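I opened the notebook to record what I looked up in this structure. The entries follow the order in which I checked things.

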Amino acid sequence: MFSLSDLTRSLSQLASSETLRRAWSVLRHAPGGGVLMGRLIGRVAPYSGTIRPEVLVLETGYVRVLMRDRRAVRNHLRSVHAIALMNLGEVATGMAVLSSLGEDMRGIITHLEMDYLKKARGPITAECTAPLTVEGERREYDVQADLTDTSGEVVARARARWLIGPAMH
């Protein structure tokens with residue numbers, strides 16, 4: 001059994017796909033588990049934690065992450081700040097990619113871009129499906145996350161390039 005204390009001790013290993021999947025398998029059924037998973041991600045990647053991501057769904061190669069609209073993520077136009085949206089897009093692509101990798105594989109983002117399609121207001125949900133990777137092969141993969149508002153309209157689209165390859169031991 002993987003306990004919450006194991007999760008705390010494993011924070012430095014959350015960049016491992018297996019640890020990420022195991023953490024979610026414990027937290028997804030706990031009250032507030034998605035918020036707790038977001039906090040764990042924020043502990044490993046502190047800047048990512050500034051948007052307070054809430055994991056809604058995490059499956060192998062797929063993620064849905066929520067960012068609530070609050071003053072700290074807003075701009076002077078009373079909409080969600082462009083960089084908060086970019087941060088959410090990076091979190092979504094990273095979690096989708098990482099959750100799809102085998103234990104001996106690692107990934108690092110090499111490029112990130114964003115299209116802003118309309119003002120983002122209210123809670124924003126990012127959804128991303130990672131491409132299938134080839135075990136043992138070093139290669140770049142393009143990944144897209146769509147960020148939608150509560151009406152389901154795409155407000156922004158993140159495109160990330162992830163370099164995937166064998167882990168160095």
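**Entry 1: strand pairing**

I began with β4 and strand β5 (residues 139-148), which pair in the antiparallel sense over four bridges. I looked up one pair in this stretch: Thr 125 has Thr 148 of β5 as its bridge partner. I note here that the model is a predicted one.

Next I checked the pairing of β4 with β2. Strand β2 covers residues 62-67 and strand β4 covers residues 124-129, and the two pair in the antiparallel sense over six bridges. In this pairing I found Met 67 opposite Ile 124 of β4.

I then turned to β1 and β2. They run antiparallel and are joined by five bridges. For Val 55, I noted Val 65 in β2 as the bridge partner.

**Entry 2: the whole sheet**

What is the order of the strands in the open sheet? I read it as β1-β2-β4-β5-β6-β3, six strands with antiparallel pairing. I marked β1 (54-59) and β3 (105-116) as the edge strands, since each pairs on one side only. I also noted the turn between neighbouring strands of this sheet, which is 20° on average with direction ignored.

I then asked which helix packs on the sheet. I found helix α5 (residues 82-100) there, touching β1, β2, β3, β4, β5 and β6 (154-166). The direction of α5 makes about 155° with that of β2.

As a general reminder to myself, strands of a sheet pair through backbone hydrogen bonds, either parallel or antiparallel.

**Entry 3: α2 against α5**

I looked at α5 again, now for its packing with α2. The axes of α2 and α5 are 7 Å apart, and the helices pack at an angle of about 105°. I therefore wrote the pair down as roughly perpendicular to each other.

Which residues meet in this packing of α2 and α5? From α2 I listed Ser 17, Leu 20 and Arg 21, and from α5 I listed Met 95, Leu 98, Ser 99 and Ser 100. Sorted by class, the contact of α2 with α5 has three nonpolar, three polar and one charged residues.

**Entry 4: α2 against α3**

I checked α2 against its other partner in these notes, α3. Helix α2 spans residues 17-27 and helix α3 spans residues 33-44; their axes come within 9 Å and cross at roughly 150°. An angle over 145 degrees counts as roughly antiparallel, and α2 and α3 are therefore roughly antiparallel to each other. I recorded the crossing of α2 past α3 as right-handed.

On the α2 side I found Leu 20, Ala 23, Trp 24 and Leu 27 making the contact. On the α3 side I found Gly 33, Gly 34, Leu 36, Met 37, Leu 40 and Ile 41. By class, I have eight nonpolar, two polar and no charged residues in the contact of α2 with α3. Leu 20 of α2 is in my list for α3 and also in my list for α5.

**Entry 5: Gly 122**

Where does Gly 122 sit? I placed Gly 122 in the loop between β3 and β4. Leaving out residues up to four places away in sequence, I found that Gly 122 touches Asp 69, Arg 74 and Val 80. I also took the separation of Gly 122 and Glu 140, which are 18 residues apart along the chain: their C-alpha atoms are separated by 34 Å.

**Entry 6: the chain overall**

I closed with the chain as a whole. I noted five helices and six strands, and the elements run α-α-α-α-β-β-α-β-β-β-β from the N terminus on. The C-alpha trace spans about 45 × 35 × 25 Å along its principal axes. A compact globule of 169 residues would have a radius of gyration near 15 Å, and the chain has 15 Å, so I wrote that the two agree.

Notes
Residues numbered from 1 in each chain as written. Predicted model: local features only at pLDDT ≥ 70, side-chain atom pairs only at ≥ 80, totals over all residues. Heavy atoms only, no water. Axes fitted to C-alpha atoms, helices over the stretch in contact; angles between N-to-C directions. Parallel < 35°, antiparallel > 145°, perpendicular 65-115°, else oblique. Left-handed = near helix turned anticlockwise from the far one by under 90°. Contact = heavy atoms within 4.5 Å. Nonpolar A, V, L, I, M, F, W, Y, C, P; charged D, E, K, R; others polar. Pairing = 2+ DSSP bridges. Rg over C-alpha atoms; globule rule 2.2 N^0.38 Å.
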